[in-house]
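Here are a few exercises to work through with the model open in your viewer. Try each task before you read its solution.

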Amino acid sequence: MQAMKVIFVLSLTLAVAVDARSALGAPKPLEGADLSAAKDLLTTTLTKVAAGDGPSYQVVNVISVSSQLVAGSLHKFQTELSNGSDNKECIVKIWNRPWLAAKGISTNVKIQCKDEPEIDTTW
Ligand SMILES: *[C@@H]1O[C@H](CO)[C@@H](O)[C@H](O)[C@H]1NC(C)=O
């Protein structure tokens with residue numbers, strides 16, 4: 001009887017572990033249509049940063065993008081951005097949590113360009 005209980009608890013733990021893995025998952029590199037959608041996300045996000053009090057960056061080149069399901073979705077771009085005069089290597093992280101839209105904090109953007117202070121903005 002005790003053994004049955006242990007097996008039941010074990011399989012329950014396994015099921016939860018497998019679930020958590022598929023729901024949360026490791027960052028995965030994007031390609032094809034997912035990559036195009038991610039590039040659009042980057043462009044529109046940089047436009048919003050510029051429209052706020054952030055700097056104005058244009059995308060020069062996207063080197064790689066990964067997305068990860070966390071609480072919401074997290075896109076991480078390795079990219080080259082231009083501030084109008086200089087190109088910079090930057091890491092851009094866009095974290096979307098649509099259910100926080102009513103509070104006005106559904107999108108968090110972090111832009112870390114080489115030799116620049118990090119920009120961290122939320123809307
Ligand atoms: C772009 O970045 C360079 C180097 O950090 C800086 O000297 C320049 O003033 C910036 N240009 C604009 C338009 O912000």
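Helices here are DSSP runs of H or I with at least four residues, and strands are runs of E with at least two, numbered from the N terminus. Keep in mind that this is a predicted model.

**Exercise 1. Take stock of the fold**

Work out how many helices and strands the protein chain has, and in what pattern they follow each other.

Solution. Start by counting: the protein chain has two helices and six strands. Next, walk along the sequence, and you get α-β-α-β-β-β-β-β. Then check the burial: of the 123 residues, 14% are buried, where buried calls for 20 or more other C-beta atoms within 10 Å. Finally, take the contacts with a separation of 6 or more: 42% of them link residues 24 or more positions apart.

**Exercise 2. Lay out the sheet**

Find the strand order in the sheet and say which strands stand at the edges.

Solution. The six strands form an open sheet in the order β1-β2-β3-β4-β5-β6, with antiparallel pairing. β1 (28-29) and β6 (119-122) each have a single partner strand, so one side of each has no neighbour in the sheet. Now add the helix: α2 (residues 32-51) packs on the sheet and touches β2 (58-70), β3, β4, β5 and β6. The direction of α2 makes about 110° with that of β2.

**Exercise 3. Follow the bridges from β3 to β6**

Trace the pairing strand by strand, and pick out which residue is the bridge partner of Cys90 in β5.

Solution. Step one: β3 (residues 72-82) and β4 (residues 87-96) pair antiparallel over 10 bridges, and Thr79 sits opposite Cys90 of β4. Step two: β4 runs antiparallel to β5 (residues 107-113), with seven bridges joining them. Here Cys90 has Cys113 as its bridge partner in β5. Step three: β5 and β6 pair antiparallel over four bridges, and Val109 is matched with Thr121 in β6.

**Exercise 4. Look at the turn and the ligand**

Identify which residues are around the ligand, and sort them by class.

Solution. The residues around the ligand are Asn83, Gly84, Ser85 and Asp86. Sorted by class, that gives no nonpolar, three polar and one charged residues; remember that Gly counts as polar in this scheme. Now go back to the hairpin of β3 and β4, which has four residues between its strands. In that hairpin, Gly84 takes a positive phi near 110°, and Gly84 is also one of the residues around the ligand.

Conventions. Residues are numbered from 1 along each chain as its sequence is written. This is a predicted model: local features need pLDDT of at least 70, side-chain atom pairs count only at pLDDT 80 or more; totals for chains, interfaces and linings use all residues. A residue is buried if 20 or more other C-beta atoms lie within 10 Å of its own, exposed if 12 or fewer, and partly exposed in between; C-beta atoms are placed from the backbone. Two residues are in contact if their C-beta atoms, placed from the backbone, lie within 7 Å. A residue is near a molecule or strand if its C-beta atom, placed from the backbone, lies within 6 Å of it. Two strands pair if DSSP finds at least two bridges between them. Axes are lines fitted to C-alpha atoms, for helices over the stretch in contact, and angles run from 0 to 180 degrees between N-to-C directions.
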